[in-house]
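Notebook open, viewer open. I want to go through one helix, the cores, a pocket and an odd backbone angle.

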Amino acid sequence: MTDKVVNLKGKHALVTGGTRGIGLAIAQALLQQGAKVTIVARSLSNLQQVAEKLSAFGEVNCVELDLTDSSAVAAAFNTAVAQFGPIAILVNNAGQAHSAPFMKTDLALFNSMLSVNLTSVLLCTQAVLPGMLEMGWGRIVNVASTAGLTGYGYASAYCATKHAVIGLTRSLALEVAKKGITVNAVCPGYTETDLIQQAIANIVKKTGRTEEQARAELAASNPQGRLVQVEEVANAVAWLCMPASSAMNGQAIPVDGGELM
(Lines give C-alpha, C1' and ligand atoms only; values in the text may rest on other atoms or scores of the structure.)
Protein backbone atom coordinates (compact mmCIF):
# COMPACT_ATOMS: atom_id res chain seq x y z
CA MET A 1 0.00 0.00 0.00
CA THR A 2 1.36 3.41 -0.95
CA ASP A 3 1.38 6.29 1.52
CA LYS A 4 -1.19 9.01 1.08
CA VAL A 5 0.23 12.06 -0.72
CA VAL A 6 0.18 15.13 1.52
CA ASN A 7 1.07 18.21 -0.49
CA LEU A 8 1.44 20.65 2.41
CA LYS A 9 3.41 18.53 4.87
CA GLY A 10 5.13 20.63 7.51
CA LYS A 11 3.69 23.95 6.34
CA HIS A 12 2.00 26.16 8.92
CA ALA A 13 -1.44 27.43 7.89
CA LEU A 14 -3.51 29.96 9.81
CA VAL A 15 -7.27 30.12 9.24
CA THR A 16 -9.39 32.95 10.61
CA GLY A 17 -12.96 32.19 11.64
CA GLY A 18 -11.96 28.55 11.84
CA THR A 19 -14.51 27.23 14.33
CA ARG A 20 -17.51 26.69 12.06
CA GLY A 21 -18.85 26.58 8.54
CA ILE A 22 -16.44 27.28 5.72
CA GLY A 23 -13.52 28.06 8.04
CA LEU A 24 -13.83 24.75 9.87
CA ALA A 25 -14.00 22.83 6.58
CA ILE A 26 -10.90 24.68 5.31
CA ALA A 27 -8.95 23.87 8.47
CA GLN A 28 -9.80 20.19 8.10
CA ALA A 29 -8.90 20.14 4.40
CA LEU A 30 -5.49 21.71 5.08
CA LEU A 31 -4.81 19.29 7.94
CA GLN A 32 -5.62 16.39 5.63
CA GLN A 33 -2.99 17.73 3.24
CA GLY A 34 -0.37 17.59 6.00
CA ALA A 35 -0.32 21.21 7.13
CA LYS A 36 -0.06 22.25 10.75
CA VAL A 37 -3.06 24.51 11.33
CA THR A 38 -3.74 27.38 13.70
CA ILE A 39 -7.38 28.43 13.93
CA VAL A 40 -8.32 31.84 15.32
CA ALA A 41 -11.68 33.22 16.42
CA ARG A 42 -13.22 35.30 19.20
CA SER A 43 -14.42 32.54 21.52
CA LEU A 44 -11.70 30.57 23.31
CA SER A 45 -14.11 27.88 24.52
CA ASN A 46 -15.36 27.25 20.98
CA LEU A 47 -11.80 27.25 19.68
CA GLN A 48 -10.69 24.65 22.21
CA GLN A 49 -13.63 22.35 21.46
CA VAL A 50 -13.10 22.58 17.71
CA ALA A 51 -9.33 22.16 18.01
CA GLU A 52 -9.85 18.96 19.97
CA LYS A 53 -12.05 17.54 17.21
CA LEU A 54 -9.68 18.67 14.44
CA SER A 55 -6.71 17.06 16.18
CA ALA A 56 -7.94 13.75 14.75
CA PHE A 57 -6.71 15.00 11.36
CA GLY A 58 -3.33 16.45 12.35
CA GLU A 59 -1.49 19.06 14.39
CA VAL A 60 -3.76 21.93 15.35
CA ASN A 61 -3.45 24.95 17.59
CA CYS A 62 -5.97 27.65 18.51
CA VAL A 63 -5.60 31.32 19.43
CA GLU A 64 -8.32 33.65 20.71
CA LEU A 65 -8.35 36.88 18.73
CA ASP A 66 -10.33 40.01 17.90
CA LEU A 67 -9.35 40.41 14.25
CA THR A 68 -10.20 44.12 14.23
CA ASP A 69 -7.58 44.97 16.90
CA SER A 70 -4.21 45.58 15.25
CA SER A 71 -2.09 45.06 18.38
CA ALA A 72 -4.01 41.89 19.24
CA VAL A 73 -3.47 40.52 15.71
CA ALA A 74 0.30 41.04 15.96
CA ALA A 75 0.48 39.36 19.39
CA ALA A 76 -1.71 36.41 18.35
CA PHE A 77 0.26 35.76 15.19
CA ASN A 78 3.51 35.83 17.17
CA THR A 79 2.01 33.22 19.49
CA ALA A 80 1.06 31.06 16.51
CA VAL A 81 4.56 31.32 15.04
CA ALA A 82 6.10 30.35 18.37
CA GLN A 83 3.96 27.18 18.37
CA PHE A 84 4.27 25.95 14.77
CA GLY A 85 6.90 28.12 13.07
CA PRO A 86 6.54 30.72 10.30
CA ILE A 87 3.11 31.00 8.70
CA ALA A 88 3.30 29.82 5.09
CA ILE A 89 -0.44 29.84 4.39
CA LEU A 90 -3.00 32.43 5.45
CA VAL A 91 -6.70 31.95 4.85
CA ASN A 92 -8.68 35.11 5.60
CA ASN A 93 -12.05 33.50 6.11
CA ALA A 94 -13.65 35.44 8.98
CA GLY A 95 -16.53 37.61 7.85
CA GLN A 96 -19.88 39.08 8.66
CA ALA A 97 -23.06 39.51 6.65
CA HIS A 98 -26.01 41.77 7.45
CA SER A 99 -28.73 42.78 5.04
CA ALA A 100 -30.52 46.11 5.08
CA PRO A 101 -32.04 48.53 2.58
CA PHE A 102 -29.50 51.12 1.50
CA MET A 103 -31.25 54.00 3.31
CA LYS A 104 -31.31 51.97 6.51
CA THR A 105 -27.62 51.09 6.29
CA ASP A 106 -26.33 53.42 8.97
CA LEU A 107 -22.69 54.29 9.60
CA ALA A 108 -22.41 51.89 12.54
CA LEU A 109 -23.51 48.95 10.38
CA PHE A 110 -21.27 49.95 7.50
CA ASN A 111 -18.21 50.43 9.73
CA SER A 112 -18.83 47.11 11.46
CA MET A 113 -18.93 45.27 8.13
CA LEU A 114 -15.88 47.16 6.90
CA SER A 115 -13.90 46.30 10.01
CA VAL A 116 -14.67 42.57 10.04
CA ASN A 117 -14.71 41.89 6.29
CA LEU A 118 -11.90 44.13 5.05
CA THR A 119 -9.74 45.63 7.80
CA SER A 120 -9.15 42.18 9.28
CA VAL A 121 -7.81 41.00 5.91
CA LEU A 122 -5.39 43.93 5.83
CA LEU A 123 -4.16 43.37 9.40
CA CYS A 124 -3.71 39.61 9.10
CA THR A 125 -1.99 39.83 5.74
CA GLN A 126 0.42 42.50 6.95
CA ALA A 127 1.20 40.27 9.95
CA VAL A 128 2.25 37.26 7.83
CA LEU A 129 3.74 38.87 4.74
CA PRO A 130 7.22 39.67 6.14
CA GLY A 131 7.70 36.01 7.11
CA MET A 132 6.52 34.80 3.71
CA LEU A 133 8.90 37.19 1.95
CA GLU A 134 11.76 35.91 4.09
CA MET A 135 10.87 32.30 3.23
CA GLY A 136 10.36 33.13 -0.45
CA TRP A 137 7.09 31.16 -0.43
CA GLY A 138 3.55 31.78 0.68
CA ARG A 139 -0.12 31.31 -0.08
CA ILE A 140 -2.76 33.89 0.85
CA VAL A 141 -6.38 33.00 0.13
CA ASN A 142 -9.17 35.45 0.90
CA VAL A 143 -12.66 34.04 1.25
CA ALA A 144 -14.77 36.69 -0.47
CA SER A 145 -18.17 36.00 -2.03
CA THR A 146 -20.05 36.19 -5.29
CA ALA A 147 -21.12 39.49 -3.70
CA GLY A 148 -17.60 40.66 -4.50
CA LEU A 149 -18.20 40.03 -8.19
CA THR A 150 -21.78 41.24 -8.64
CA GLY A 151 -24.42 43.23 -6.80
CA TYR A 152 -27.23 41.99 -4.57
CA GLY A 153 -30.12 44.14 -3.44
CA TYR A 154 -30.39 44.99 0.25
CA ALA A 155 -26.73 44.08 0.81
CA SER A 156 -24.85 47.22 -0.18
CA ALA A 157 -22.45 47.20 2.77
CA TYR A 158 -21.66 43.52 2.34
CA CYS A 159 -21.17 43.85 -1.41
CA ALA A 160 -18.97 46.92 -0.97
CA THR A 161 -16.65 45.19 1.49
CA LYS A 162 -16.39 41.99 -0.56
CA HIS A 163 -15.66 43.97 -3.74
CA ALA A 164 -12.91 45.69 -1.75
CA VAL A 165 -11.44 42.36 -0.64
CA ILE A 166 -11.12 41.31 -4.28
CA GLY A 167 -9.51 44.63 -5.17
CA LEU A 168 -6.99 44.16 -2.35
CA THR A 169 -6.35 40.59 -3.53
CA ARG A 170 -5.56 41.67 -7.08
CA SER A 171 -3.36 44.57 -6.04
CA LEU A 172 -1.25 42.58 -3.58
CA ALA A 173 -0.96 39.69 -6.04
CA LEU A 174 0.86 42.03 -8.43
CA GLU A 175 3.19 43.29 -5.70
CA VAL A 176 4.38 39.83 -4.67
CA ALA A 177 4.14 38.02 -8.02
CA LYS A 178 7.91 37.53 -8.26
CA LYS A 179 8.39 36.66 -4.59
CA GLY A 180 7.13 33.07 -4.54
CA ILE A 181 3.85 34.19 -2.97
CA THR A 182 0.40 33.94 -4.49
CA VAL A 183 -2.70 35.86 -3.44
CA ASN A 184 -6.13 34.67 -4.55
CA ALA A 185 -9.77 34.83 -3.53
CA VAL A 186 -12.55 32.29 -3.59
CA CYS A 187 -16.08 33.59 -4.02
CA PRO A 188 -18.74 31.22 -2.69
CA GLY A 189 -22.34 31.56 -3.76
CA TYR A 190 -25.10 30.75 -1.29
CA THR A 191 -23.47 28.12 0.92
CA GLU A 192 -24.92 25.82 3.59
CA THR A 193 -23.71 27.70 6.68
CA ASP A 194 -25.08 29.36 9.81
CA LEU A 195 -25.28 32.64 7.86
CA ILE A 196 -27.60 31.03 5.34
CA GLN A 197 -29.77 29.68 8.15
CA GLN A 198 -30.06 33.25 9.44
CA ALA A 199 -30.94 34.48 5.95
CA ILE A 200 -33.62 31.81 5.64
CA ALA A 201 -35.04 32.78 9.04
CA ASN A 202 -35.17 36.44 7.96
CA ILE A 203 -37.00 35.55 4.74
CA VAL A 204 -39.52 33.48 6.68
CA LYS A 205 -40.06 36.28 9.20
CA LYS A 206 -40.42 39.09 6.65
CA THR A 207 -42.32 37.32 3.87
CA GLY A 208 -44.33 34.59 5.56
CA ARG A 209 -42.82 31.95 3.30
CA THR A 210 -42.06 28.55 4.76
CA GLU A 211 -38.47 27.57 5.53
CA GLU A 212 -38.55 25.18 2.60
CA GLN A 213 -39.73 27.92 0.23
CA ALA A 214 -37.07 30.33 1.52
CA ARG A 215 -34.33 27.76 1.04
CA ALA A 216 -35.58 27.03 -2.49
CA GLU A 217 -35.51 30.76 -3.27
CA LEU A 218 -31.83 31.00 -2.34
CA ALA A 219 -30.93 27.77 -4.13
CA ALA A 220 -32.66 28.98 -7.31
CA SER A 221 -29.81 31.41 -8.04
CA ASN A 222 -27.52 28.39 -8.52
CA PRO A 223 -28.05 26.72 -11.93
CA GLN A 224 -27.51 23.40 -10.17
CA GLY A 225 -30.57 24.20 -8.04
CA ARG A 226 -28.88 23.70 -4.69
CA LEU A 227 -26.81 25.36 -2.00
CA VAL A 228 -23.02 25.06 -2.20
CA GLN A 229 -21.51 22.82 0.50
CA VAL A 230 -18.71 24.01 2.77
CA GLU A 231 -16.46 21.14 1.70
CA GLU A 232 -16.65 22.36 -1.90
CA VAL A 233 -15.36 25.80 -0.90
CA ALA A 234 -12.65 24.20 1.26
CA ASN A 235 -11.53 22.06 -1.67
CA ALA A 236 -11.02 25.18 -3.81
CA VAL A 237 -9.03 26.87 -1.05
CA ALA A 238 -6.83 23.82 -0.47
CA TRP A 239 -6.10 23.58 -4.20
CA LEU A 240 -4.96 27.21 -4.32
CA CYS A 241 -2.57 26.49 -1.44
CA MET A 242 -0.80 23.65 -3.23
CA PRO A 243 2.80 24.11 -4.40
CA ALA A 244 1.63 23.04 -7.87
CA SER A 245 -0.86 25.94 -8.00
CA SER A 246 1.84 28.61 -8.26
CA ALA A 247 0.49 29.98 -11.56
CA MET A 248 -2.81 30.85 -9.87
CA ASN A 249 -2.36 34.45 -8.76
CA GLY A 250 -4.69 37.42 -8.42
CA GLN A 251 -7.74 35.32 -9.21
CA ALA A 252 -11.26 35.59 -7.79
CA ILE A 253 -12.74 32.14 -8.32
CA PRO A 254 -16.52 31.70 -8.01
CA VAL A 255 -17.65 28.52 -6.24
CA ASP A 256 -21.29 28.87 -7.14
CA GLY A 257 -22.50 26.10 -9.42
CA GLY A 258 -22.39 28.46 -12.39
CA GLU A 259 -24.37 31.40 -10.99
CA LEU A 260 -21.85 33.89 -12.37
CA MET A 261 -20.74 33.19 -15.92
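Entry 1, helix 2. A reminder to myself that this is a predicted model. I looked up the buried residues of helix 2 (residues 44-54) and got L47, V50, A51 and L54. They sit on the same side of helix 2, because the arc they cover around the axis is only 105°. I then checked the other side of the helix, where E52 and K53 are exposed. What covers the buried residues of helix 2? My list includes helix 1 (21-32), strand 2 (36-41) and strand 3 (60-64).

Entry 2, the largest nonpolar core. I found 38 residues in the largest nonpolar core, and those touching the most other members are I26, L30, V37, I39, I89, V91 and V186. Next I asked which elements each supply at least two residues of this core. Those are strand 1 (12-16), helix 1, strand 2, helix 2, strand 3, strand 4 (87-92), strand 5 and helix 8 (230-241). Helix 8 provides the largest share of this core, at eight residues. There is also a second, separate core of 23 residues, with L67, L129, L172 and V183 among its members. For background, I jotted down that nonpolar side chains tend to be buried together in soluble globular proteins.

Entry 3, V37 up close. I picked V37 and left out residues up to four places away in sequence. Its contacts are then A13, V15, A27, L30, L31, E59, V60, N61 and F84. L30 turns up again here, having been listed with V37 among the core residues that touch the most other members.

Entry 4, the second largest pocket. I noted a volume of about 200 Å³ for the second largest pocket. Which residues line it? I read off A74, F77, N78, V81, P86, I87, A127, V128, P130, G131, E134 and M135. Two elements give two or more residues to this lining, namely helix 3 (70-84) and helix 4 (107-135). Helix 4 gives the most, with six residues. Sorting the lining by class, I have nine nonpolar, two polar and one charged residues.

Entry 5, Y154. I went after a backbone angle here: phi of Y154 is near 65°, a positive value in a residue other than glycine. Where does Y154 lie? I placed Y154 in the loop between strand 5 (138-143) and helix 5 (156-175). Is Y154 buried or exposed? Its relative accessibility is 61%, so I put Y154 down as exposed, the cut-off for that being over 50%.

How values were computed:
Residues are numbered from 1 along each chain as its sequence is written. This is a predicted model: local features need pLDDT of at least 70, side-chain atom pairs count only at pLDDT 80 or more; totals for chains, interfaces and linings use all residues. Side-chain values use heavy atoms; hydrogens and water are left out. Buried means under 20% relative accessible area, exposed over 50%, partly exposed in between (1.4 Å probe, protein chains only). Helices (H or I, at least four residues) and strands (E, at least two) are DSSP runs, numbered from the N terminus. The arc is that of the directions from the helix axis to the C-beta atoms. Contact means heavy atoms within 4.5 Å. On a 1 Å grid over the protein atoms alone, a cavity is a set of points where a 1.4 Å probe fits but cannot get out, and a pocket is an open set with protein on both sides within 12 Å along at least five of seven lines; lining residues have an atom within 4 Å of a point. Grid points are joined across faces, edges and corners, and a volume is the space filled by probe spheres set on the points. Ala, Val, Leu, Ile, Met, Phe, Trp, Tyr, Cys and Pro count as nonpolar, Asp, Glu, Lys and Arg as charged, and the others, Gly among them, as polar. A nonpolar core is a set of buried Ala, Val, Leu, Ile, Met, Phe, Trp, Tyr and Cys residues joined through side-chain atoms within 4.5 Å.
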